[in-house]
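Colleague: I should be grateful for a close look at one part of this model, the surroundings of the ligand. Please set that site in the context of the rest of the chain.

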Amino acid sequence: MYSFENSLNGAQQLDREDALFLYRNEFYHPTDDKGNKLIYLCGNSLGLQPKSTASKIDQELKDWKKYGVEGHFHAENPWMPYHEFLTEAMANVVGGKTTEVIVMNTLTVNLHLMMVSFYRPKGKRTKIMIESDAFPSDKYAVESQIKWHGLDVSENLIELSPRPGEVCLRDEDILNQIEEHGDALALIMLGNTNYYTGQFFDMKSITECGHKQGAIVGFDCAHGAGNVELNLHDNNVDFAVWCSYKYLNSGPGSLGGCFVNERHITDKSIPRLTGWWGHNKETRFGMRDDFDPIPTAEAWQLSNPPILSMASVWASLEIFDKAGISNLRKKAIKLTAYLEYLVNDLNNNDISIITPKEAHRRGSQLSIQVANADKSLYEAISADGVIADWREPDVIRVAPTALYNSFEDCWQFVNVLNKHLK
Ligand SMILES: *Cc1c(COP(=O)(O)O)cnc(C)c1O
């Protein structure tokens with residue numbers, strides 16, 4: 001589909017043709033002790049800091065200093081409705097309606113809140129389906145929910161495994177498994193994209209298939225948000241959760257996001273853990289009224305949010321808003337294809353890319369398996385100026401992100417990798 005050329009010149013030419021290239025300058029790039037820029041390919045773990053973040057946070061520090069508690073109403077960006085300033089941009093990133101999306105809490109907390117509402121085992125419909133290589137936190141969360149309902153994990157947790165000798169799940173196998181478990185399935189909850197393989201599951205067909213069996217379908221989009229086009233509303237998923245510190249560049253441990261499909265929002269039969277920030281904004285400070293949920297995803301909010309973290313999410317979302325998630329996705333597809341081309345061009349038999357080859361089945365991540373390698377390979381490329389990620393026993397994960405990585409970054413990385421391969 002692309003005709004690439006394996007040379008530094010070729011990489012730089014691609015950068016010149018890249019309409020999003022200048023966004024790279026809106027971020028701080030980590031450097032070594034001598035001030036040389038490192039090649040940062042770890043945006044799937046922690047996104048880089050936008051240069052605009054500090055002033056966004058500083059505004060809130062200034063207003064806190066100046067107004068004290070009055071900042072809730074008189075700050076330049078009043079804290080009372082502060083989360084609302086983020087909703088539209090976040091909804092655009094994940095493809096939800098503004099009524100369906102809320103920035104709140106952190107990821108695993110949101111996953112629990114969603115399962116409280118949407119994992120309601122009843123009769124023989126008690127099982128949860130996840131990937132066998134689900135992110136550990138998701139697995140713990142799901143298992144604890146099963147136990148919390150007094151159920152047995154070994155009977156109620158279904159793990160989707162790839163076929164023997166394969167690493168990624170085949171779409172048809174997922175659908176077949178869903179049909180096989182049929183009316184025993186209460187919830188399907190997949191990490192999209194998968195954190196280990198980088199596989200991007202087809203949300204539409206999985207959701208449709210799950211719904212046909214009467215199951216609820218939710219996704220953990222920690223590695224999807226800001227990376228791929230999730231179209232959560234159009235894909236008709238029931239709920240989704242994500243964090244904002246990976247592809248969304250909002251800083252370590254920053255707030256998460258949550259999507260609740262509009263068809264569930266005002267359904268009074270759905271249980272929910274509640275707190276005052278989910279209550280009707282007009283009467284919230286009456287403090288006496290019965291809980292009156294806001295008729296949007298905001299109803300799932302518990303506490304008044306940490307404004308300093310919200311500010312950094314906002315700074316990042318402004319960049320996404322300008323660049324546009326569909327433009328970013330287009331670049332990411334090309335950038336990832338280029339990286340794949342360079343890795344394959346090494347013609348090294350020890351190397352295999354375990355991430356799916358098709359653009360629609362992956363995001364901006366390649367998981368590179370290196371046979372006969374150990375962590376010393378990772379340490380060597382790190383010492384040579386690359387920040388990537390190592391997964392035991394033999395996988396290097398690299399994520400060329402559309403906002404701040406260049407084609408030249410990819411070229412330099414593969415050069416460094418090649419230098420240290422046996
Ligand atoms: C990063 C990640 C997490 C981390 O959860 P936190 O609650 O933000 O610490 C959980 N699940 C998945 C799939 C992730 O990728």
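Modeller: A polar contact is a pair of N or O atoms within 3.5 Å. The model under discussion is predicted. With that cut-off in mind, Asp 220 may be taken first: one of its polar side-chain atoms lies 3.2 Å from a nitrogen atom of the ligand. Asp 138 also places a polar side-chain atom by a ligand nitrogen, at 2.6 Å. An oxygen atom of the ligand, in turn, is 2.5 Å from an N or O atom in the side chain of Lys 246. Of the 390 Å² of accessible area that the ligand has on its own, the protein covers 83%.

These three residues belong to a shell that also contains Leu 107, Thr 108, Phe 135, Ala 222, His 223 and Tyr 245. Sorted by class, the shell around the ligand comprises four nonpolar, two polar and three charged residues.

The wider context is a chain divided into domain 1, which consists of 8-51 + 325-421, and domain 2, which spans 81-321. The centres of the two domains, taken over C-alpha atoms, are separated by 28 Å. Contact between the domains involves 31 residues of domain 1 and 27 residues of domain 2.

The enclosed spaces of the protein complete the picture. There are two cavities of 30 Å³ or more, and the largest has a volume of about 90 Å³. Its lining includes Gly 226, Asn 227, Tyr 247, Asn 249 and Phe 320, together with Leu 328, Ala 332, Ser 364 and the run Thr 401, Ala 402, Leu 403 and Tyr 404. Because domain 1 and domain 2 both give residues to this lining, the largest cavity lies between them. The lining of the largest cavity has seven nonpolar and five polar residues, and no charged residues.

The second largest cavity has a volume of about 50 Å³. Among the residues that line it are Glu 131, Ser 132, Asp 133, Leu 160 and Pro 162, as well as Val 167, Cys 168, Leu 169, Asn 194, Thr 197, Gln 199 and Phe 201. By class, the lining of the second largest cavity divides into six nonpolar, four polar and two charged residues.

To return to the site requested, the ligand has polar side-chain atoms of Asp 138 and Asp 220 by its nitrogen, and the side chain of Lys 246 by an oxygen atom.

Key
Residues are numbered from 1 along each chain as its sequence is written. This is a predicted model: local features need pLDDT of at least 70, side-chain atom pairs count only at pLDDT 80 or more; totals for chains, interfaces and linings use all residues. Side-chain values use heavy atoms; hydrogens and water are left out. On a 1 Å grid over the protein atoms alone, a cavity is a set of points where a 1.4 Å probe fits but cannot get out, and a pocket is an open set with protein on both sides within 12 Å along at least five of seven lines; lining residues have an atom within 4 Å of a point. Grid points are joined across faces, edges and corners, and a volume is the space filled by probe spheres set on the points. Ala, Val, Leu, Ile, Met, Phe, Trp, Tyr, Cys and Pro count as nonpolar, Asp, Glu, Lys and Arg as charged, and the others, Gly among them, as polar. Domain bounds come from an automatic or database domain assignment. A residue is near a molecule or strand if one of its heavy atoms lies within 4 Å of it. A polar contact is a pair of N or O atoms within 3.5 Å; within protein, one must be able to donate a hydrogen and the other to accept it, and residues adjacent in sequence count only if both atoms are side-chain atoms. Accessible areas come from the Shrake-Rupley method with a 1.4 Å probe; for residues, only the protein chains shown count as cover. Contact means heavy atoms within 4.5 Å.
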